[in-house]
Amino acid sequence: MTRIHTVTLNPVIDLIYETGRFEKGTTFRCGRFEQIPAGKGINVSYALSCLGEPSHAYLLIGEQEVHWFGKACHERGIHFHPFAGPFPTRRHCTILERETGSVTHVQTQGMPVPVEAYEILRQGLEQQLARGDILVLSGSVAPGLPAAAYRELITMSNAKGAVTILDSSGPPLRLGMTAGPFVVKANEKEAGELTGLALQDEAREWEALRRMREYPGLAHGVISLGARGILAGNPAAAWRLRVSMRPGEVKDTVGCGDTQVAGLALGIKQGMDPPGLYRFAIACASAAAVQTGPGRIDKNTVEAMLERVACEPAGG
């Protein structure tokens with residue numbers, strides 16, 4: 001049976017504040033406050049849980065946060081594989097403004113993590129991973145860990161006969177691509193880093209996707225362009241997909257890319273072919289945008305968003 005595994009090498013506690021209006025340099029009252037154990041990989045597991053799909057989540061986290069993350073995974077039916085140490089888990093801050101609909105993010109890099117903790121995680125994952133499984137590598141690599149961590153994990157995954165989805169940035173993304181992931185999901189900036197192109201117009205966007213699809217071993221390349229939709233393709237064909245969002249419909253874009261990755265993982269497990277696979281992925285991301293908090297999604301909203309996906313082939 002195919003299993004989905006997610007890896008989070010730099011998790012975070014998301015502090016979410018909701019207020020009527022946020023003004024810099026002032027004191028404001030918070031109408032709603034949440035603390036969410038998060039991080040790109042675990043956000044993918046959260047979204048999969050909402051879609052009715054269990055997953056195995058591997059995290060490098062501080063010892064004090066193990067219970068917190070474990071409780072969140074238990075409540076969602078996620079198989080929790082913590083690799084903890086005497087280092088604090090970083091915090092992010094998100095401020096949601098009701099009056100304007102704007103979202104403000106403050107992010108931290110995190111504290112150094114001993115490389116020994118990563119090695120234990122890698123060994124544990126290698127024991128669990130089986131042929132045909134899907135491995136999701138998402139997010140940044142914590143300070144102190146090798147930039148080539150994802151390359152090592154992809155090489156291991158390929159040797160085990162599993163397929164890998166890579167969603168990262170900077171050196172971890174560039175080095176990871178050299179190991180031959182099955183899928184890469186990149187935003188506009190990350191696609192520019194991989195291809196050496198500034199995605200200033202549609203011609204350069206298509207060219208960036210074409211260059212990404214030339215990486216050895218890559219079966220699917222996806223470039224997320226925010227409100228402009230996504231470009232996605234395999235070595236044979238490519239498409240542009242969009243979902244038109246209604247005024248005031250978007251509540252929070254944090255974690256939409258992670259939910260898109262969850263859609264890709266589940267779609268691959270279910271044997272979806274493009275462009276149906278890409279339609280499902282962007283519908284998942286759009287459904288997440290109407291919720292607040294990472295990895296939150298409603299299956300009925302996904303079905304509704306699927307009806308609103310516009311899909312046109314390259315050159316169409």
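How many cavities of 30 Å³ or more does the count come to? The count comes to one, where a cavity is a set of points on a 1 Å grid over the protein atoms alone at which a 1.4 Å probe fits but cannot get out; this is the subject of the first view. The model is predicted, so local features need pLDDT of at least 70 and side-chain atom pairs count only at pLDDT 80 or more, while totals for chains, interfaces and linings use all residues. Residues are numbered from 1 along each chain as its sequence is written, and side-chain values use heavy atoms, without hydrogens and water.

**View 1. The largest cavity and its lining.** About 80 Å³ of space lies in this cavity, a volume being the space filled by probe spheres set on grid points that are joined across faces, edges and corners. Lining residues have an atom within 4 Å of a point. There are 14 of them, and N10, P88, T89, R90 and V113 lie nearest the centre. Strand β4 gives the most to the lining, with three residues; strands (E, at least two residues) and helices (H or I, at least four) are DSSP runs numbered from the N terminus.

**View 2. The second largest pocket.** A pocket is an open set of points with protein on both sides within 12 Å along at least five of seven lines. The volume of this one is about 170 Å³. Its lining includes E18, R98, S102, K251 and T292.

**View 3. The largest nonpolar core.** Such a core is a set of buried Ala, Val, Leu, Ile, Met, Phe, Trp, Tyr and Cys residues joined through side-chain atoms within 4.5 Å. Among its 42 residues, V7, L9, L60 and I223 touch the most other members. Helix α4 (149–160) is one of the elements that supply at least two residues each, and α4 provides the largest share, five residues. Beyond its neighbours within four places in sequence, L60 is in contact (heavy atoms within 4.5 Å) with residues including F83, F87, V113 and L145.

**View 4. The two sides of helix α2, residues 66–76.** F69, G70, A72 and C73 are buried, that is, under 20% relative accessible area with a 1.4 Å probe and protein chains only, whereas exposed means over 50% and partly exposed lies in between. These buried residues are on the same side of α2 because they cover an arc of only 160° around the axis, taken from the directions from the helix axis to the C-beta atoms. On the other side of α2, H67, H74 and E75 are exposed. The cover over the buried residues includes β2 (12–19) and α1 (40–50).
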